[in-house]
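Me: I am new to this structure and would like to understand the reasoning behind the terms used to describe it. Please set each value against its cut-off.

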Amino acid sequence: MSERVEIASEEADPPSERDRWLPRPSVRFIPVWRRNFRVWRRLIWPSLLGHFGEPVLYLLAFGYGLGALIGDLDSGMPYIVFIASGIVCSSAMFTSSFEALYSAYTRMETQQTWAAMLGAPLSVDDIVLGEAVWAASKSLLSAGAIGIVAVALGILSLPGMLLALPVVFLAALAFASMALIITALSPSYDFFLYYFTLVLTPMLLLSGVFFPIEQLPALVAGLAYLLPLAHMVEVVRPLAVGEGLAPGVLLHLLVPLGYIAAAFTVASYLFRRRLIR
């Protein structure tokens with residue numbers, strides 16, 4: 001009897017500040033991922049068409065159009081090769097961010113899908129992790145579509161693109177975790193415009209997608225390397241063009257890992273505070 005009372009009293013103690021902050025996801029995030037995948041399958045053909053149509057337009061406009069004016073870069077790399085590998089990275093960033101913003105918010109607030117999930121043996125942390133992994137998985141479709149087009153046009157290397165996809169997934173998981181923080185704070189869809197304008201667009205322009213980071217002033221270039229997209233580009237571009245691993249690859253991979261750990265922790269805490277009354 002005394003043992004039961006002791007256990008009950010321990011369970012009644014309020015959680016510590018550390019317990020409130022640290023997420024505790026489990027493998028139960030997999031059904032969340034599977035549910036989103038099954039819903040997406042109904043729209044698979046329009047979605048795939050968009051993934052293939054957009055990269056062709058980007059490659060034609062920037063690669064062949066602007067590339068014809070620029071020619072080769074100082075490193076000797078043709079501009080169309082440079083831009084194709086950069087678009088692989090930026091497309092993954094936008095796809096994972098869009099999914100973790102608009103789609104996740106719709107499931108949470110408009111459709112009340114998350115509320116139904118919480119009636120099952122799932123925690124908020126499981127749902128958040130499932131959403132992040134799903135957003136990163138969907139970004140592989142976008143990056144892979146661009147890779148297929150670029151490989152078919154002889155711009156990028158097929159073995160190199162295959163090696164780059166795990167890096168794309170890792171970085172996309174960081175972008176999804178960052179976007180979920182905004183979703184947890186957002187009162188409406190309009191709030192997401194601030195994130196696109198103030199975070200994603202500057203990251204796109206400063207991270208070496210359209211021109212080498214070395215062209216920027218030293219201070220701005222240093223700030224660019226604080227962003228996960230710049231490190232993603234530094235790793236993916238050499239792989240995609242068949243040059244192998246970039247120097248300092250471990251450091252470049254540690255940055256998105258740090259973003260994943262920090263952003264997922266904050267996002268989970270904010271969602272628990274928002275959803276659990």
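The exchange below concerns a predicted model and takes its terms one at a time.

Me: Why is Ser 186 called buried?

Reply: The relative accessible area of Ser 186 is 1%, and buried means under 20%; Ser 186 is therefore buried. Ser 186 lies in the loop between α8 (158-185) and α9 (192-206). Its contacts, leaving aside residues up to four places away in sequence, are Tyr 105, Phe 191, Phe 192 and Arg 274.

Me: What makes the approach of the Ser 186 side chain to the backbone oxygen of Ser 188 a polar contact?

Reply: The distance is 2.4 Å, whereas the limit for such a pair of N or O atoms is within 3.5 Å. The pair therefore meets the distance limit.

Me: How do you know that Arg 107 and Glu 131 form a salt bridge?

Reply: The rule asks for a side-chain nitrogen of Lys or Arg within 4 Å of a carboxyl oxygen of Asp or Glu. For Arg 107 and Glu 131 the N to O distance is 2.7 Å, so the pair qualifies. Arg 107 lies in helix α5 (residues 79-110) and Glu 131 in helix α7 (residues 124-152), so the pair ties together parts that are 24 residues apart in sequence. Both partners fall under the 20% cut-off for buried: Arg 107 has a relative accessible area of 9%, and Glu 131 is at 1%.

Me: What makes Arg 274 and Glu 109 a salt bridge, and is Glu 109 buried or partly exposed?

Reply: Their side chains meet at 3.2 Å, N to O, and the cut-off is within 4 Å. Arg 274 belongs to helix α12 (residues 249-275) and Glu 109 to helix α5, so this pair ties together parts that are 165 residues apart in sequence. Glu 109 has a relative accessibility of 36%; since buried means under 20% and exposed over 50%, Glu 109 is partly exposed.

Me: Which residues are joined into one network by salt bridges that share partners?

Reply: The network consists of Glu 99, Arg 107, Glu 131 and Lys 138. Within it, Glu 99 and Arg 107 pair at 3.1 Å, N to O, and both are buried. The count for the model comes to 6 salt bridges.

Me: Why is α11 described as largely enclosed by the rest of the structure?

Reply: Of the 13 residues of α11, 12 are buried, so the helix is largely enclosed. Among the buried ones are Pro 228, His 231 and Arg 237. The cover over them includes α5, α8, α9, α10 (218-224) and α12.

Me: How does the span of α11 (228-240) relate to what is expected?

Reply: From first C-alpha to last, α11 reaches 18 Å, close to the 18 Å expected at 1.5 Å a residue. After α11 comes Gly 242, whose phi is positive, near 90°.

Me: Which residues touch the most other members of the largest nonpolar core?

Reply: They are Leu 156, Leu 229 and Met 232, in a core of 79 residues. Met 232 touches Cys 89, Ala 92, Val 168, Ala 171 and Phe 175, not counting residues up to four places away in sequence. A second, separate core of 5 residues includes Ile 213 and Leu 216.

Me: What makes Ala 143 count as buried?

Reply: Its relative accessibility is 0%, and the cut-off is under 20%; Ala 143 therefore counts as buried. Ala 143 is in helix α7.

How values were computed. Residues numbered from 1 in each chain as written. Predicted model: local features only at pLDDT ≥ 70, side-chain atom pairs only at ≥ 80, totals over all residues. Heavy atoms only, no water. Helix = DSSP H or I, 4+ residues; strand = E, 2+ residues; numbered from the N terminus. Buried < 20%, exposed > 50% of the residue type's maximum accessible area, 1.4 Å probe, protein only. Polar contact = N/O pair within 3.5 Å; in protein donor to acceptor, adjacent residues only side chain to side chain. Contact = heavy atoms within 4.5 Å. Core = buried A, V, L, I, M, F, W, Y, C linked by side-chain atoms within 4.5 Å. Expected span 1.5 Å × (residues − 1).
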